[in-house]
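Here are some short exercises for you to work through with the model open. Try each task before you read its solution.

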Amino acid sequence: MQNILPRYLRYATLLGLLVAMAVPAAAASWWNSQWTERARITVDAAASGINAGSQIVAADGSIPVLVRLHSGNFKFDKAKPDGSDIRFVLSDGSPLKFHIEKYDSLLGEAFAWVAVPNIKPSSETELYVYYGNATATAAFDGKGTYDSNTVLVYHFSEHGTAARDVTQWSNVAQNAGAAADGSLIGSGLRLDGHTPLRLPASQSLSWRAGQPVTWSLWVKQTQPAANVVLFSRKENGGGLVIGVDNSVPYVELINAGVPQRAAASANIATGWHHLAVVATGTAITLFVDGEARASLAGAIPALTGPGVLGVDADAQATGFTGEIDELEISNVARSASFVKLLAIGQGPDNGKLMHFGGTEEDAGWSSGYFAVILKSVTIDGWVVIGILMIMAAISWIVMVEKGTYIGKVDKANRHFTKAFGEVASDLTIMDTEGEEAVTGLSGKVTAADRFMQKNSSLYRVYHIGVQELRHRFTGDKVRILSAQSIAAIRAALDGGLAREAQRLNRQMVLLTIAIAGGPFLGLLGTVIGVMVTFASIAASGEVNVNAIAPGIAAALAATVAGLFVAIPALFAYNYLLSRIRNITTDMQVFVDEFTTKMAEFYSESAEV
């Protein structure tokens, strides 16, 4: 591997592996670091939620869903007092359009309408609510929350003024009504059976003959009576009437002065109920609490005049007495799943559609599940983790030092091997007497190579052999070695080889300790943590998953720390060991080569 990859690339690869093991897997990435808090929201259209079995909206459409924030799922003390720092973001980081109907930080209550795109039947959609940014300004977009087919939405949050239309069509009511605080969704409207709420006769609210229409409203009747009119729109012998007859909802279609009525197979005598009427152009269906309860064949006649809430348009029937909330009118026939989502998502069963996950603080290491685990680690767990971190630091230092040293030795050996291969007659020519003997090669290498030769293990073995030769070649004696002398010099060379091998393997034992001891020490911390967790549960007498899970998760952190020590050390140990074996093999080959050249250059046969 060292011959293929440059040294810096090998180190970078090793460092990358260490970092990859050190950094925990992130959950959903943080949308914006300026926001310090968030909570996960799951819109559940699957069987576990509202079980929407058919298409809800078009693939490129969106549907406004009601998000109820309270002190149980939202930290009002972390958000701005007016909620202007609130943002809703999909799990992929796409910001969503929304507006807030009511925000009360003192009561810990808020109602937000969020346009969630592409809610598919039998699936879940995940989004986040972000808050906690003191510098953020309001980004409410009521008009962008609804599509262009939605031509009127009244939240009835006004007091003393006419109901305001939050859609882009601005169909403001023609008169103010009596506000009802503490209604189904914030404030509602109280109807007394006599005072109507008149809708404007605008172009966007005009219905042509056969116009597809969806009408939706929450109602709470307080005085049931016969033939009560809730909504009425009549004109030129035609009309549409929606009402309640002795607590039974009905829809009445009038064409050419001839009424046609369909009563629902449901009773709304008590509590809040959702009513919706969907006209497709050929049939009209009445929905009660999201379920189709009545239908009749026919189409809506052309109607361009104002509609009336609470009384009959021509005062022919009894007006509605009770409360209403959240009126929506669309110039399109919504699907049954759409109506079901409105009924469940806006009503008391909102929990079937929407689930809140835990709140998270900040981005990075201190947020999410990782922070929860660290906060739950006990003192004994921290002691074990601390010891493991010391072991990790030591092993990393050994890795770097050994890697650097072995790299220098390997490079210096290659220089020496090339120079030694040029020696033809005098084995001592690459060495000199005195201290400089180990720092240079007597002119056989350049000054730039001396640093490398200083680190060569082959040169140090060679220097031992040269010293042995010089002890035997004193004065003007003929340079001849006996077989016994060659054997003695070979023994000295083998001794030098063994010492160089020991130097190469020095401190490698620390890596083996990290490999073998790290996991066991981590396991010890985990066992102690589990024992402490169960002991505390036994002492408190409370057994539930919320009490057990953090302690168990924190106990497992010790095992993770042990693996964090052992795994990098294991990879590094095997890599370094393979390089040490290669260098040791090179030294063994060199000893054989040096011995052979001694026999060749300094034997009696060589002198002849």
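**Exercise 1: a four-stranded sheet**

Find the partner of Glu37 in β22, then describe the sheet around this pair.

Solution. Start at Glu37, which stands opposite Glu361 in β22. Next, follow the strands: β1 (residues 37-44) pairs antiparallel with β22 over 6 bridges. Strands here are DSSP runs of E with at least two residues, numbered from the N terminus, and helices are runs of H or I with at least four; two strands pair if DSSP finds at least two bridges between them. Then widen the view: β3-β6-β1-β22 is the order of an open, antiparallel sheet of 4 strands. Since β3 (87-90) and β22 (354-361) are edge strands with a single partner each, one side of each is left without a neighbour in the sheet.

This is a predicted model, in which local features need pLDDT of at least 70 and side-chain atom pairs pLDDT 80 or more, while totals for chains, interfaces and linings use all residues. Residues are numbered from 1 along each chain as its sequence is written, and side-chain values use heavy atoms, without hydrogens and water.

**Exercise 2: a three-stranded sheet**

Which residue stands opposite His70 in β5?

Solution. The residue facing His70 is Glu109. Here β2 and β5 (residues 109-117) run antiparallel, joined by 9 bridges. The open sheet has 3 strands, ordered β2-β5-β4 with antiparallel pairing. Both β2 (62-70) and β4 (98-104) lie at the edges with a single partner strand, so one side of each lacks a neighbour in the sheet.
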